[in-house]
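Me: I'm new to this one and would like a quick tour. Can I ask you a few things as we look at it?

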Amino acid sequence: MVVGISGATGIAYGVKVLELARAAGVQTHLVVTPAGQQTRAYETDLTARELAALADVVYRPADIGAAIASGSFRHDGMIVAPCSIRTLSAIAYGNGDNVLTRAADVTLKERRRLVLLVRETPLTLGHLRAMAGVTESGGIIMPPVPALYLRPSGIDDLVTHTAARALDLVGIEIDTVPRWGEQIARPT
Ligand SMILES: Cc1cc2nc3c(=O)[nH]c(=O)nc-3n(C[C@H](O)[C@H](O)[C@H](O)COP(=O)(O)O)c2cc1C
């Protein structure tokens, strides 16, 4: 699968997608935008090298001739986590200005699964129109909204649940993360 990390807050979602995919034996192809590298530095203790080591193959955003920029590269789906409004907008309008947005556009045109963990709030009409555009092209907009019914014991629980749901949407099952009805406390 292809994983994109852009410069919205919440790089933990991208990191968790990579970790869960690796644990599930799924090969990952990663591209991180320059703004994504900034949020990595703000929000984690990971170096760029340590982040790259979580993936099997890593591409520079400017390497527009990379394998994932071509429709002939076969994969099971692409997740952008987190997805900034800038990256969402580029994808919505087919602006393949870097390898992440180009790979996402190719994913849509080849009718493969594309899941965008768009993170911004509140939203303008322009943001919503871009989300509608991606949805009309077959992409899935999945804002990383926490599921509090899980009674999370911390941020990692919330991030893990969202990352596992995103992987679900590209057909990758994470059986270590419980689904509703499995090990979740019910009201008495
Ligand atoms: C700490 C930090 C947090 C940010 N959070 C968001 C965010 O949640 N959503 C968003 O759309 N942009 C956010 N931005 C702004 C984007 O990084 C900026 O629009 C950038 O141009 C996105 O580039 P990219 O889409 O190529 O990664 C944030 C920037 C910084 C430095």
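Me: Which residues does UniProt place the feature "binding site" at?

Reply: Keep in mind that this is a predicted model. The feature comes from an unreviewed UniProt entry. That record puts the "binding site" at Tyr149 and Arg165.

Me: Okay, is Tyr149 buried or exposed?

Reply: Start with where it sits: Tyr149 is in the loop between strand 6 (140-141) and helix 7 (155-169). It has 9 other C-beta atoms within 10 Å, and 12 or fewer is the cut-off for this class. So Tyr149 is exposed.

Me: And how does Arg165 count?

Reply: Arg165 belongs to helix 7. It has 17 C-beta neighbours inside 10 Å, while buried would take 20 or more and exposed 12 or fewer. Arg165 therefore counts as partly exposed.

Me: Which strands are the edge strands of the sheet?

Reply: The sheet is open, with six strands in the order 3-2-1-4-5-6 and parallel pairing. An edge strand pairs on one side only. That gives strand 3 (57-59) and strand 6.

Me: What stands opposite Met78 in strand 5?

Reply: Strand 4 (residues 78-83) pairs with strand 5 (residues 114-118) in the parallel sense, over four bridges. Across from Met78, in strand 5, is Leu114.

Me: How do helix 4 and helix 6 lie to each other?

Reply: The axes of helix 4 (residues 85-92) and helix 6 (residues 125-136) come within 8 Å and cross at roughly 45 degrees. Residues making the contact include Leu88 of helix 4 and Met131 of helix 6. The crossing is left-handed. Angles from 35 up to 65 degrees fall in the oblique class, so the two helices are oblique.

Notes
Residues numbered from 1 in each chain as written. Predicted model: local features only at pLDDT ≥ 70, side-chain atom pairs only at ≥ 80, totals over all residues. UniProt positions renumbered as here; feature names shortened; annotations may be inferred. Pairing = 2+ DSSP bridges. Axes fitted to C-alpha atoms, helices over the stretch in contact; angles between N-to-C directions. Parallel < 35°, antiparallel > 145°, perpendicular 65-115°, else oblique. Left-handed = near helix turned anticlockwise from the far one by under 90°. Contact = placed C-beta atoms within 7 Å.
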